[in-house]
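Here is a colleague's note for a first look at this chain. Keep the sequence and the model side by side as you read.

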Amino acid sequence: MSPLYTRAVIALGSNLGERSDTLSAAVADLVDPPEVRLLAISPIVQTKAVGGPADQPDFLNMVIAVETSLPPRELLRHCHDVEQKHLRVREVRWGPRTLDVDIITYGDVVSSDPELTLPHPRAAKRAFVLYPWSLIDPAAELNGQRVGELAAKADDFADLAPFDGFRPPAPADVTGADAAGVPDTVDRP
């Protein structure tokens, strides 16, 4: 009998060092064990730092969807191990870092545990998480709302910037839907 797998959404960010290389390597590290399977990977967006010390370098952010047989706390431990592999230092809350890995959702699990609050307590207000997530799963919902709609309302939506040829849309592009209810995320010229 094979283990049961649960879908999880994981956000990654980096604003120190070779940011893009770090994110690519971190995704590979996250899905290296057989207990974690990659389902989808978002484009990378560049953003200003949200919170923390002023004058930080810009972040590169992305989201992946995985299915995992690891229980939530073991997945969190795995995420922390990957951060450590990429020399994550936790000196200042929301300070500059080589890698930040956060579990955004783990199936339908809701937890108020301070060590692992699910869904992630600030995700619903962070376009740098919501917008990439909406690209890999346009129908995804968080707290009963579509993630693309939440992204367009987030304070940091206007700060999303293209990275490596990727151009984020205007808010109307994220929240607009075609007749089938699928968000319209067609690139603008």
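The points below go from the whole chain to its cores, one helix and a pocket.

1. **Confidence.** Start with how far to trust the coordinates. This is a predicted model. The mean pLDDT of the chain is 85. Of its residues, 81% reach 70 or more. Take care with residues 176–189, where pLDDT stays under 50. For that stretch the model has 21 contacts beyond four places in sequence.

2. **Layout.** Count the elements next. The chain has five helices and nine strands. From start to end, their order is β-α-β-β-β-α-β-β-β-α-β-β-α-α. Try tracing that pattern on the model.

3. **Burial and contacts.** The chain has 189 residues, and 44% of them are buried. Now take the contacts with a separation of 6 or more. Residues 24 or more positions apart account for 66% of these.

4. **The largest nonpolar core.** This core holds 25 residues. Which of them touch the most other members? They are Ile10, Leu12, Leu30, Ile64, Leu75 and Ile103. Strands β1, β4 (59–68), β5 and β7 (116–118) each give two or more residues to this core. Helices α1 (19–30) and α2 (72–85) do so too. A second core, of 20 residues, is separate. Its members include Val45, Ala123, Val147 and Ala151.

5. **Ile103 up close.** Pick out this residue and look around it. Leaving aside residues up to four places away in sequence, what does Ile103 touch? The list is Val9, Pro72, Leu75, Leu76, Cys79, Leu116, Leu118 and His120.

6. **Helix α3.** Is this helix mostly covered or mostly open? Helix α3, residues 127–136, is mostly covered, with eight of its 10 residues buried. The buried ones are Ala127, Phe128, Val129, Leu130, Tyr131, Pro132, Trp133 and Ser134.

7. **The second largest pocket.** Its space comes to about 240 Å³. It is lined by 15 residues, and the closest to its centre are Thr105, Gly107, Asp108, Trp133 and Glu141. Trp133 is also among the buried residues of α3. Three strands each supply at least two lining residues: β1 (6–14), β5 (100–106) and β8 (141–142). What classes make up the lining? Eight residues are nonpolar, three are polar and four are charged.

8. **Linking the points.** Go back to β1 and β5 before you finish. Both give two or more residues to the largest nonpolar core. Both also supply at least two residues of the lining of the second largest pocket.

Notes. Residues are numbered from 1 along each chain as its sequence is written. This is a predicted model: local features need pLDDT of at least 70, side-chain atom pairs count only at pLDDT 80 or more; totals for chains, interfaces and linings use all residues. Side-chain values use heavy atoms; hydrogens and water are left out. On a 1 Å grid over the protein atoms alone, a cavity is a set of points where a 1.4 Å probe fits but cannot get out, and a pocket is an open set with protein on both sides within 12 Å along at least five of seven lines; lining residues have an atom within 4 Å of a point. Grid points are joined across faces, edges and corners, and a volume is the space filled by probe spheres set on the points. Helices (H or I, at least four residues) and strands (E, at least two) are DSSP runs, numbered from the N terminus. Ala, Val, Leu, Ile, Met, Phe, Trp, Tyr, Cys and Pro count as nonpolar, Asp, Glu, Lys and Arg as charged, and the others, Gly among them, as polar. A nonpolar core is a set of buried Ala, Val, Leu, Ile, Met, Phe, Trp, Tyr and Cys residues joined through side-chain atoms within 4.5 Å. Buried means under 20% relative accessible area, exposed over 50%, partly exposed in between (1.4 Å probe, protein chains only). Contact means heavy atoms within 4.5 Å. pLDDT is the predictor's confidence in each residue, from 0 to 100.
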